[in-house]
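Subject: Structure for your review

Dear colleague,

Please find below the structure that I am handing over to you, together with its sequence. My account of what was found in it follows directly after.

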Amino acid sequence: MWLFFAFGSACFAGLTAILAKIGIKNTDSNVATAVRTVVVLLFSWLMVFVTGSEGGLREISSKTILFLVLSGLATGASWLCYFHALQIGDINKVAPVDKSSIVLTMIMAFLFFGEPVRVGCMVIIGAGTFLMIEKKESDGHEEGGWKWLFYAAGSAFFASLTSILGKIGIENIDSNLGTAIRTGVVLAMAWLVVAVTGKLSEVRDIDKTSWLFLILSGFATGSSWLCYYRALQTGPASIVVPIDKLSIVPTVLFSYIVFKEKLSKKGLLGLCLIVAGTLLLLV
């Protein structure tokens, strides 16, 4: 079942990127992240009560709380980097850099959990990621340059930390409850960043279209997280994470359909390598 949930996570994560890209078009990325996290939190706790997992709150250890909080902080940092990168860069260029967290997670899973490292697969995935990294061309209205790459790389680093810390945090509790708790940490961090940067007033300036897509993005993220941490609870992180990152396939597909963002031949080759390296992990 963990394999089924891992692929479900990938599908919802791919949808998240597209919906979020539309939602942050006319909204500050930090404000958008804070708003959509509210939706994710409500959705997560709804699932906790639907599955009857709330009783586990009384049995949570201090170690579990610590790692869920750390995982939430890492997730918040990853999101803030990722959505800012999306705002200033093309989806099909930002996404592959973010997905480089696959390699980092595989290394960390070996160091922390003793999971076997498939070096060949890791090299193929890394090569594919490298081929997909291209400089964003500026049209005069965007920040352009390589700035998006810095934020995308930050997103990848914190995402890999999230996976390792999250796996430790949900070892002894229901995955839905663990997801809900850590989402609360992400929410607090996101709104703290909005407050510190003095952008609270921008919330009431969000237009109706942005609200709609941010809410839809939040539901997609919540669904992805519930699937992801259910898979991570019983499956090896070194395989669950790469499968989850196959969300890059629907992301690139929808970015072409919705935003007309095209991959170069080099980028397409890189995408094929990432998919091939990930699928080889299942052999």
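On the surface of this predicted model, a nonpolar patch is formed by Ile65, Leu66, Val69, Leu70 and Leu73, which together have about 360 Å² of accessible area. One of these residues, Leu73, belongs to helix α3, which covers residues 62-88. The relative accessible area of Leu73 is 38%, so this residue is classed as partly exposed; the class runs between the 20% limit for buried and the 50% limit for exposed residues.

The next item is the internal space. Rolling a probe the size of a water molecule over the atoms shows where empty space is left. When the whole structure was searched, one cavity of 30 Å³ or more was found. The volume of the largest cavity is about 420 Å³. Its lining comprises 24 residues, of which Trp79, Asp98, Trp225, Asp244 and Lys245 are the closest to the centre. Two or more lining residues come from each of the helices α1 (2-23), α3, α7 (147-169) and α9 (208-234). Sorted by class, the lining of the largest cavity holds nine nonpolar and nine polar residues, along with six charged ones.

Helix α1 also contains Thr16. With a relative accessible area of 7%, Thr16 is buried, because that value falls under the 20% limit. Thr16 is also one half of a pair that is distant in sequence: 202 residues separate Thr16 from Gly218, yet their C-alpha atoms are 7.5 Å apart in space.

I turn finally to charge pairing. Side chains of opposite charge can pair when their charged atoms come close. Across the whole structure, the search returned one salt bridge. In a salt bridge with an N to O distance of 2.7 Å, the side chain of Asp28 meets that of Lys199. Asp28 sits in the loop between α1 and α2 (29-50), while Lys199 sits in the loop between α8 (175-196) and α9, so the pair ties together parts that are 171 residues apart in sequence. How do the two partners compare with the 20% limit for buried residues? Asp28 counts as buried because its relative accessibility is 17%, whereas Lys199, with a relative accessible area of 22%, is partly exposed.

Yours sincerely

Terms used. Residues numbered from 1 in each chain as written. Predicted model: local features only at pLDDT ≥ 70, side-chain atom pairs only at ≥ 80, totals over all residues. Heavy atoms only, no water. Patch = residues over 30% accessible without salt bridge, like charges linked within 9 Å, V, L, I, M, F, W, Y side chains within 5 Å. Areas by Shrake-Rupley, 256 points an atom, 1.4 Å probe, with all protein chains shown as cover. Salt bridge = Lys/Arg side-chain N within 4 Å of Asp/Glu carboxyl O. Helix = DSSP H or I, 4+ residues; strand = E, 2+ residues; numbered from the N terminus. Buried < 20%, exposed > 50% of the residue type's maximum accessible area, 1.4 Å probe, protein only. 1 Å grid on protein atoms, 1.4 Å probe; cavity = no way out; pocket = protein on both sides within 12 Å on 5 of 7 lines; lining within 4 Å. Points joined across faces, edges and corners; volume = space filled by probe spheres on them. Nonpolar A, V, L, I, M, F, W, Y, C, P; charged D, E, K, R; others polar.
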